[in-house]
Amino acid sequence: MNDRASATAQKQGKRARVRGTPKGRQVDPKAREEVQALLEEAPHRRDLLIEYLHRIQDRYGHLSAPHLVALAAEMKLAMTEVYEVATFYHHFDVVKEGDAAPAAITVRVCDSISCEMAGANELLAKLPGILGKEVRVLHAPCVGRCETAPNAIVGQNPLPRASVEQVAALVKAKAVKHPAPGSGAKHPRMDIVSPAYVDYAAYRAKGGYALAKACIEGARKREDVIAVMDSSGLRGLGGAGFPTGRKWKSVAAEPAPRLCAINIDEGEPGTFKDRYYLERDPHRFVEGALIAAWAVGIDEIYVYLRDEYHGCRAILEKELAALKADPPCTLPQIHLRRGAGAYICGEESAMIESIEGKRGMPRLRPPYVAQVGLFGRPTLEHNMETLHWVREILERGANWFSSHGRNGRKGLRSFSVSGRVKKPGVHLAPAGITVKELIAEYCGGMQEGHTFYGYLPGGASGGILPASMSDIPLDFDTLNQYGCFIGSAAIVIFSDKDRATGAARNLVKFFSEESCGQCTPCRVGTAKTLKLIEKKKWDQPLLKELSQAMMDASICGLGQAAPNPVLSVMKYFPSEIT
């Protein structure tokens with residue numbers, strides 16, 4: 001036989017051999033059993049993927065390759081679909097084959113702007129050496145507790161005004177409950193701290209849900225309710241400020257079925273108002289959601305809650321169960337969905353992608369979510385606080401809400417105030433109040449030994465202004481001419497102990513780490529900006545050119561607003577960068 005014939009015979013022999021196993025990664029029987037036990041009888045729908053990843057993570061403390069393969073097989077998804085979602089979110093610990101599982105206890109130290117000012121960097125520097133290798137210490141983006149900075153999260157337990165000693169003590173107390181990594185023993189969830197709040201029985205006793213019942217049972221007319229919301233001047237309180245009544249009319253005009261998505265992701269550094277209201281009066285926004293759903297003609301409501309709010313999730317799970325067990329009226333379906341640590345999911349279309357069980361990457365628009373939103377249906381998207389005000393406005397009338405305000409503005413604003421003031425927290429104040437008035441009348445003045453130097457008027461993305469510009473009314477549309485905006489009304493106060501350049505570096509670092517990476521202007525632009533501003537002397541022409549490209553070409557608000565801190569420093573604090 002010649003060489004060519006021999007080669008042909010060898011090829012034919014190879015074709016004739018049958019593989020011993022199917023192509024691809026094989027499902028481990030034990031991992032399949034464990035995943036099946038966690039899923040129980042739950043439906044294997046694609047949109048529940050993130051919920052099921054949480055179940056595995058909560059049970060075992062991480063996501064192992066065998067569990068991911070088993071989950072993909074159970075849900076009839078490609079392994080790549082499961083892996084790309086699991087690796088997108090900060091709170092999922094994906095462990096590759098051969099790698100060690102993470103420590104049983106994770107301590108996350110917030111190092112966003114308010115916590116950095118309060119000493120977070122010292123915690124991050126000291127804790128690893130004190131806690132040892134059995135505890136993992138990570139820096140974390142804003143955890144929504146800026147009024148009690150610096151904050152550490154031990155497992156799922158928030159530790160306000162954290163010190164090294166307090167963190168070590170809490171870790172020691174919790175370590176008793178945790179097995180050694182890799183032991184195979186159950187990995188329990190941490191205790192979740194839930195404060196006292198108005199529960200379902202107490203809310204009903206004070207007239208709660210009577211208005212929703214009246215609406216749903218026909219005692220109110222849809223057009224009348226929408227007209228009141230329109231007249232009140234209530235605007236979206238998540239940052240965009242779109243008029244609420246107009247939004248209801250817009251979505252109601254779209255073909256049914258329509259859906260509602262409630263955004264409680266609240267990841268903007270400096271913002272914590274939604275958590276504040278949730279921890280005290282959770283049914284207030286739920287009743288507002290029921291009224292909105294009735295007015296717009298919606299049968300299903302999806303509540304998207306950021307994963308950092310473990311206590312709020314425990315409250316909502318309990319209270320929604322109580323509502324459904326004893327409903328005051330016919331209820332739409334209400335679904336509670338859990339985020340997984342991604343600031344970008346505060347963007348409305350990214351949130352919708354996440355609710356659908358995907359990576360939280362913003363969609364190109366148009367079409368807008370009011371037309372093509374959740375599961376391809378017209379969607380009413382609202383911030384939680386917007387719905388929090390619905391009941392009170394309808395009970396007291398549009399004039400009650402619009403009668404508040406200063407400097408020609410109308411309405412009330414929940415200001416999340418943190419930084420160098422004596423009384424940080426959520427302060428309900430008239431729209432249009434100035435930051436100087438806010439500090440003096442609501443925050444008890446500046447901390448002892450601190451002189452007012454500057455402020456963020458709208459969280460991380462709202463820009464930075466000097467103390468000399470403290471007479472600007474704080475409201476929608478009043479800050480635009482200064483290159484700033486109020487957003488979700490997160491006010492961070494700086495003193496003479498701080499520098500605008502340092503604040504800008506912290507904020508741009510946050511944006512760089514939280515960019516979803518989908519578009520080049522944002523992904524590359526935030527990283528490049530951070531490198532440029534780390535230098536003592538800034539290349540201002542290059543920074544301006546880069547900022548313009550990001551603002552013009554980024555897909556969503558993250559990339560479009562990320563240059564604001566840098567542009568503000570160049571405009572209002574020029575002596576710090578030359």
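**Local features of the predicted model**

His335 is buried, its relative accessible area being 17%. The structure described here is a predicted model. His335 belongs to strand S9, which covers residues 333-338. When neighbours within four places in sequence are left aside, the contacts of His335 are Glu300, Ile301, Tyr302 and Val303. The value of 17% falls under the 20% cut-off, and His335 is therefore classed as buried.

An open sheet is formed by five strands, arranged in the order S12-S11-S15-S13-S14. The pairing within this sheet is mixed. Its edges are strand S12 (425-430) and strand S14 (465-466), each of which pairs on one side only. Strand S13, made up of residues 452-456, is paired with S14 in the antiparallel sense, and two bridges connect them. Within this part of the sheet, Tyr455 is placed opposite Leu465 of S14.

The loop between helix H20 (435-441) and S13 contains Gly444. Gly444 has a relative accessibility of 33% and is accordingly partly exposed. In sequence, Gly444 and Lys422 are separated by 22 residues, while their C-alpha atoms are 5.4 Å apart in space. Gly444 touches Lys422, Lys423 and Ile439, residues up to four places away in sequence not being counted. Helix H20 also holds Ala440. Ala440 is exposed, with 56% relative accessible area; this value is over the 50% cut-off. The C-alpha atoms of Ala440 and Gln166 lie 32 Å apart, and the two residues are 274 positions apart in sequence.

Helix H3 (residues 49-60) and helix H4 (residues 65-75) are in contact, and their axes come within 11 Å of each other. The axes cross at roughly 145°, and the crossing is right-handed. On the H3 side the contact involves Leu49, Tyr52, Leu53, Ile56 and Tyr60. These residues meet His67, Leu68, Leu71 and Met75 of H4. By class, the residues of the contact of H3 with H4 comprise eight nonpolar and one polar, with no charged residue.

Two cis peptide bonds that precede proline can be described. One runs from Ala256 to Pro257 and has omega near 0°. Pro257 is located in the loop between helix H12 (244-252) and strand S7 (258-264). Another cis peptide bond joins Arg365 to Pro366, with omega about 0°. Pro366 is located in the loop that runs between helix H16 (348-355) and strand S10 (379-383).

Positive phi values in residues other than glycine occur at Arg161 and at Glu266. For Arg161, phi is near 45°. Arg161 is in the loop between strand S6 (157-159) and helix H8 (164-175), and its relative accessibility of 52% makes it an exposed residue. For Glu266, phi is near 40°. Glu266 is in the loop between S7 and helix H13 (273-278). Unlike Arg161, which is exposed, Glu266 is buried, at 8% relative accessibility. S7 thus has Pro257 in the loop that leads from H12 and Glu266 in the loop that leads to H13.

The structure contains zero disulfides. Cys312 takes part in no disulfide, and the nearest cysteine sulfur, belonging to Cys142, is 14 Å away. A disulfide requires two cysteine sulfur atoms within 2.5 Å, so the separation of 14 Å leaves Cys312 unpaired. Cys312 is buried, at 2% relative accessibility. Cys329 is likewise in no disulfide; for this residue the nearest cysteine sulfur is that of Cys215, 9.2 Å away. Cys329 has a relative accessibility of 8% and is buried as well.

Notes: Residues numbered from 1 in each chain as written. Predicted model: local features only at pLDDT ≥ 70, side-chain atom pairs only at ≥ 80, totals over all residues. Heavy atoms only, no water. Pairing = 2+ DSSP bridges. Helix = DSSP H or I, 4+ residues; strand = E, 2+ residues; numbered from the N terminus. Buried < 20%, exposed > 50% of the residue type's maximum accessible area, 1.4 Å probe, protein only. Axes fitted to C-alpha atoms, helices over the stretch in contact; angles between N-to-C directions. Left-handed = near helix turned anticlockwise from the far one by under 90°. Contact = heavy atoms within 4.5 Å. Nonpolar A, V, L, I, M, F, W, Y, C, P; charged D, E, K, R; others polar.
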